[in-house]
Amino acid sequence: MSQAMADWLQHPLLSIALSIGAYLAGLRLFQRLGSPGWCPPVLIAALLVALLLWLLRIPWPAYQRGADWLMLLLGPATVALAVPLYQQMHHVRALWRPLLVCLPVASALAAFYAIAIAWALGAPPLLLASLAPKSVTAPIAMGITSTLGGSIPILMGSLLITGVAATTFVTLLGRWMHIEDERLLGLALGVNGHAIGTVRAFEIGPTAGAFASLGMTLTGVLTALMLPLAWHLAA
């Protein structure tokens, strides 16, 4: 391989093009498969990117330098979810009491069971710190993991697995339990599946999407406030 080709393969713009192209291809394949909940476009895109990096022999640090520019968009994208939340605010106000009760409990359980299972299996502190914020949207989760001393790459893998698993199980359990209330489905998807679950909720309907946005946002805020404190108290 020539030096010019090697330099081009490590250019940041190639990373951005690979990421966007893989997601568009994943979205197209997702639609052709009938939009299955167990195989969201982001999972297909991640597998395609991994395959392309291996085929083109692009080092992971080189890809990450370009992909970091896309990571900057996660924050504004999360903030933009306030728009559908505002549009459905009348539903939220009507249910503020049960939301006030269930959201702190759900946020605590989402972090606790991951840490408890990993600790029982003998995971080191680095892995525990990386898995703790697995149900939180990526911009907040990365800050929490850095504070706890975890690994961002491990965190990103756990976020992908958590989002896919939450979307799959919430969809299946909703059908099995005959739950058709968009508010319940959306809240469960947002609390447990962060951005991936929220995307699935918007496919169900605008009300589900608004409650998923609410669940994802408040889970992130509560986890960011409480998890570092609980972590240092337990250390």
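Residues 12-30 are 100% helix and 0% strand, and the C-alpha atoms at the two ends of this stretch are 27 Å apart. The model is a predicted one, so every value here is computed from predicted coordinates. In an unreviewed UniProt entry, residues 12-30 are listed as a "transmembrane region", together with 42-63, 69-86, 98-121, 152-172 and 208-231. The stretch 208-231 is likewise 100% helix and 0% strand, with its end C-alpha atoms 32 Å apart.

The helix at 12-32 is α2. At 1.5 Å a residue, its 21 residues should span 30 Å, and the end C-alpha atoms are 31 Å apart, which agrees. The buried residues of α2 are L14, S15, I16, L18, S19, A22, G26 and F30. After α2 comes G34, with a positive phi near 90 degrees. P36 follows in the loop that joins α2 to α3 (41-56). P36 counts as buried because its relative accessible area is 11%, under the 20% limit. Along the sequence P36 is 135 residues away from T171, yet in space their C-alpha atoms are 9.9 Å apart.

The next loop, between α3 and α4 (60-71), contains R57. The phi of R57 is near 55 degrees, a positive value in a residue other than glycine. Most residues other than glycine have a negative phi. R57 is exposed, with a relative accessible area of 71%. H194 also has a positive phi without being glycine, near 40 degrees. The setting of H194 is a helix, α12, which covers residues 182-204. With 4% relative accessibility, H194 counts as buried.

What is the make-up of the chain as a whole? It has 13 helices and zero strands, so the pattern along the sequence is written with α alone, from start to end. The radius of gyration is 19 Å, close to the 18 Å that the globule rule gives for 235 residues, so the chain is as compact as a globular protein of that length. Along the principal axes, the C-alpha trace spans about 65 × 45 × 30 Å. Of the 235 residues, 41% are buried. Among contacts with a separation of 6 or more, 64% join residues 24 or more positions apart. The accessible surface comes to about 13,300 Å², and carbon and sulfur atoms account for 74% of that area.

Which residues form the largest nonpolar core? There are eleven of them: A111, A118, A123, L128, A129, L131, A132, I144, L148, L227 and W231. Two or more residues of this core come from each of α8 (96-120), α9 (125-131), α10 (138-148) and α13 (206-234). The largest share, three residues, belongs to α9. A second core, separate from this one, has ten residues, including A22, A45, V49 and I58. One of these, A22, is among the buried residues of α2.

L128 offers a closer view of the largest core, to which it belongs. This residue lies in helix α9, and it counts as buried because its relative accessibility is 9%. Leaving aside residues up to four places away in sequence, L128 touches I115, A118, W119, A123 and W231. Of these, A118, A123 and W231 are also listed as members of the core. I115 is 13 residues from L128 in sequence, and their C-alpha atoms are 5.7 Å apart in space. A123, with the same sequence neighbours left out, touches A118 and L128.

A116 gives a second point of reference, in helix α8. Its relative accessibility is 31%, so A116 counts as partly exposed; the partly exposed class lies between the 20% limit for buried and the 50% limit for exposed. A116 and L128 are twelve residues apart in sequence, with 8.8 Å between their C-alpha atoms.

Note on methods. Residues are numbered from 1 along each chain as its sequence is written. This is a predicted model: local features need pLDDT of at least 70, side-chain atom pairs count only at pLDDT 80 or more; totals for chains, interfaces and linings use all residues. Side-chain values use heavy atoms; hydrogens and water are left out. A nonpolar core is a set of buried Ala, Val, Leu, Ile, Met, Phe, Trp, Tyr and Cys residues joined through side-chain atoms within 4.5 Å. Buried means under 20% relative accessible area, exposed over 50%, partly exposed in between (1.4 Å probe, protein chains only). Helices (H or I, at least four residues) and strands (E, at least two) are DSSP runs, numbered from the N terminus. Contact means heavy atoms within 4.5 Å. The expected span of a helix is 1.5 Å times one less than its number of residues. UniProt positions are given in the numbering used here, feature names are shortened, and annotations may be inferred rather than shown by experiment. The radius of gyration is taken over C-alpha atoms; the globule rule is 2.2 Å times the number of residues to the power 0.38. Accessible areas come from the Shrake-Rupley method with a 1.4 Å probe; for residues, only the protein chains shown count as cover.
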